[in-house]
Amino acid sequence: MNSQSDLPPQPTAASETSSFEQEIWNALRFVIDPELGVNIVDLGLIYHVQVVEREVHVVMTVTTPGCPMEHSLTFGIETAVLGIEGVTGVHVTVVHEPPWSPAMMSPEGRAATGIR
Amino acid sequence: MVSSPSSVVAPDLRPGRVTSASPSLAQAPDVTIPLRYLLTGLGALLIGVGTLVVRPELVTQYHYHQHVAAVTHLFVLGFILSIVTGATYQLAPVVLETTLHSERLARWHFPIHVISVGGMVVSFWVWDMKNVGHFGSGLALGVGFFLWNVGRTLGRARHWTLVSVGIASSLVWLAAVVVAGLVVAAAKSTYELVGRSDVFQPLAVTLAGLKATADFMARFDALAVMHAHAHLGVLGVFVLLTIAVSYKLVPMFLISEVQRPWRAWTSIVLLNLGMAAVFLAILLQSRWKPLAALLVILALGFYGTELRAIVRARRRRQLDWGLRGFLTAQLLLIPTAILGLALSWPGLTLTELVGRLENAYGFLAILGVVAFSILGMLHKILPFLVWFAAYSREVGRSKTPALHEMASPRLQAVGYAAWLAGLAVTLAGILLASTSLSRAGLVLLAAGLAFFFAQALQVLRHLVRPQLQPLPGPSRIQRASQP
């Protein structure tokens, strides 16, 4: 978890998120960035997840603007989240501000990729 | 900055199922488009290296020879241009954050490109310059399609960057080198039909124009024209394109960034200026050739300094074999530039030693710098294309392999070592005018290529036998089996 104030919030504990949201975060962990071989949550690519009347809004970034994997990742998010029972829609928005940096990765992500 | 959002709303809400609404995938071109160019390019490389193994004297004899011209064009057009074309069709829209102007045009380009290059190479081999011109015109048509398509794609770019300016300027040099090639072919052809009254009028006008071109080109030294043409292609198109693209791809792969944008911009601007100066200085056999060469070397110096800074600032410590190959190729720019500067010396007469040095210079530039760069980047591009074709619709549904899991690093390492050793030994053979040593080096290059193909086959196998695994958890496993 990154403590920088300009970073979007991520769930830190089960008590802060509903079990439904937790299931969404779990589903997002099944989306792997094939270049780095790590899931997009541990890479710190997911900036924000919001559920409004069973429709899921995901705000994410990519490691670099113009990343060739961007559309595969958004496709993967849509597929993974739509598979959760009760989800009626998925809206993925890719932003480049704030830009991604390795500081946004989880310790697990950093360990898996060897990124400092 | 926000890119276009993607939304999928499930119209049919059945619990526990993926709905029939299909999530939107990229607007990237169909991967079979770049793949066909990549496989064609690799086929040309295989034939080219195989030809040199059988005929190693082609690298030791003086290069102004029909068979050397044939093999050189096989490498430059069949291998390098094919790969560059395929990679540009796939990556330019992605890098520029837009879509390709026309997939249909890219599909039409392919048969024109293959037939034209094949025809040119055979025509060079039998030294039929008229047919070189005919097939060259076909190549020009294909390149025209390519330039139009990529040019319109560049026009859609949301903003111009260092990379897009570099790509655009290399495309300008591509147009220039194709025109220069056609002019060279026109200059070496004969025009028996000119002046005859029984010739179809439009053809007569065309032939008169070509003959006028040939008469004009007779003012220039034939070797100087050929060398100027070669520099336009290798330096203006391929080295410039490699540099421009590396400012995007190397930071992307290494999790780094351009450290001094002014330095990167300077390298691109100076290389363009240097290219123009080198072309004119060679063509006019000017005594200012060393200054033009120094301008290029200055540009390469800025590039090398910036590339080194990018690599040193990387957050991803491990360098895979693809990147090692690419970076090694960039290091080979140093001896190539030194040779180029030495050969630019004014009044240098063509002795046997100078001839060997010229051969070494050309060999190092084409199979050392450009081919090694491309092979290195293919370790990244080919798995990406195959992964995209085989797995992009499975993300989030099944466990898909990571790109580095698609081929054996050991095969890549051996291929890298063999190619590097092959370059060194062949270079020694060229400098010593030893056919047997050159053959030994070329066999090593062929071995390096064999290892490259072995790992490429491992990658391509995923198209036939995708290696999907169910995601953990009962609901995930159930979902993986559904469409």
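Reader: Before we look at helix H2 of chain A in this predicted model, what is the expected span of a helix?
Author: Happy to start there, since this predicted model gives us a neat case to try it on. The expected span of a helix is 1.5 Å times one less than its number of residues.

Reader: What span should helix H2 of chain A have, and how far apart are its end C-alpha atoms?
Author: Helix H2 of chain A covers residues 70-82, which is 13 residues. At 1.5 Å a residue the helix should span 18 Å. The distance between its end C-alpha atoms agrees with that, because it is 18 Å.

Reader: Is H2(A) mostly covered or not, and how many of its residues are buried?
Author: Buried here means under 20% relative accessible area. Among the residues of H2(A) that pass this test are A:Leu73, A:Phe75, A:Ile77 and A:Val81, and A:Glu70 and A:Glu78 are also on the list. H2(A) is mostly covered, and of its 13 residues the number buried is twelve.

Reader: Thanks! In what order do the elements of chain A run?
Author: Chain A has three helices and five strands to arrange. Reading from the N terminus on, the order is α-β-β-β-β-α-β-α.

Reader: What share of the contacts in chain A with a separation of 6 or more joins residues 24 or more positions apart?
Author: One pair with such a spacing in sequence is A:Glu21 and A:Gln50, which are 29 residues apart along the chain and 8.0 Å apart in space, C-alpha to C-alpha. That pair is given by its C-alpha distance, while a contact means heavy atoms within 4.5 Å. For the contacts in chain A with a separation of 6 or more, the share from residues 24 or more positions apart is 60%.

Reader: Why does A:Glu21 count as partly exposed?
Author: A:Glu21 sits in helix H1 of chain A, residues 19-28. Partly exposed lies between the cut-offs of 20% and 50%. A:Glu21 falls in that class because its relative accessible area is 21%.

Reader: Now to the empty space: which helix gives the most to the lining of the largest cavity?
Author: A search of the whole structure finds four cavities of 30 Å³ or more, and about 390 Å³ of space lies in the largest cavity. Its lining has 24 residues, with B:Val84, B:Ala87, B:Leu241, B:Val245 and B:Ile381 closest to the centre. Helices H3, H6, H8 and H13 of chain B each supply at least two lining residues. With eight residues, the helix that gives the most is H3(B).

Reader: How many residues of each class line the second largest cavity?
Author: The second largest cavity has a volume of about 200 Å³. Of the 16 residues that line this cavity, the closest to its centre are A:Glu35, A:Pro68, B:Met252, B:Phe253 and B:Phe384. H8 and H13 of chain B each supply at least two residues of the lining. By class, the lining divides into twelve nonpolar, one polar and three charged.

Reader: And which helix gives the most to the lining of the second largest pocket?
Author: The second largest pocket, with a volume of about 940 Å³, is lined by 34 residues, and A:Thr64, A:Pro65, B:Lys248, B:Ser256 and B:Glu257 lie nearest its centre. The lining residues divide into 19 nonpolar, ten polar and five charged. Helices H6, H8 and H9 of chain B each supply at least two of them. The helix that gives the most, with four residues, is H8(B).

Notes
Residues are numbered from 1 along each chain as its sequence is written. Chains are lettered from A and ligands numbered from 1 in the order in which they are written. This is a predicted model: local features need pLDDT of at least 70, side-chain atom pairs count only at pLDDT 80 or more; totals for chains, interfaces and linings use all residues. Side-chain values use heavy atoms; hydrogens and water are left out. Buried means under 20% relative accessible area, exposed over 50%, partly exposed in between (1.4 Å probe, protein chains only). On a 1 Å grid over the protein atoms alone, a cavity is a set of points where a 1.4 Å probe fits but cannot get out, and a pocket is an open set with protein on both sides within 12 Å along at least five of seven lines; lining residues have an atom within 4 Å of a point. Grid points are joined across faces, edges and corners, and a volume is the space filled by probe spheres set on the points. Ala, Val, Leu, Ile, Met, Phe, Trp, Tyr, Cys and Pro count as nonpolar, Asp, Glu, Lys and Arg as charged, and the others, Gly among them, as polar.
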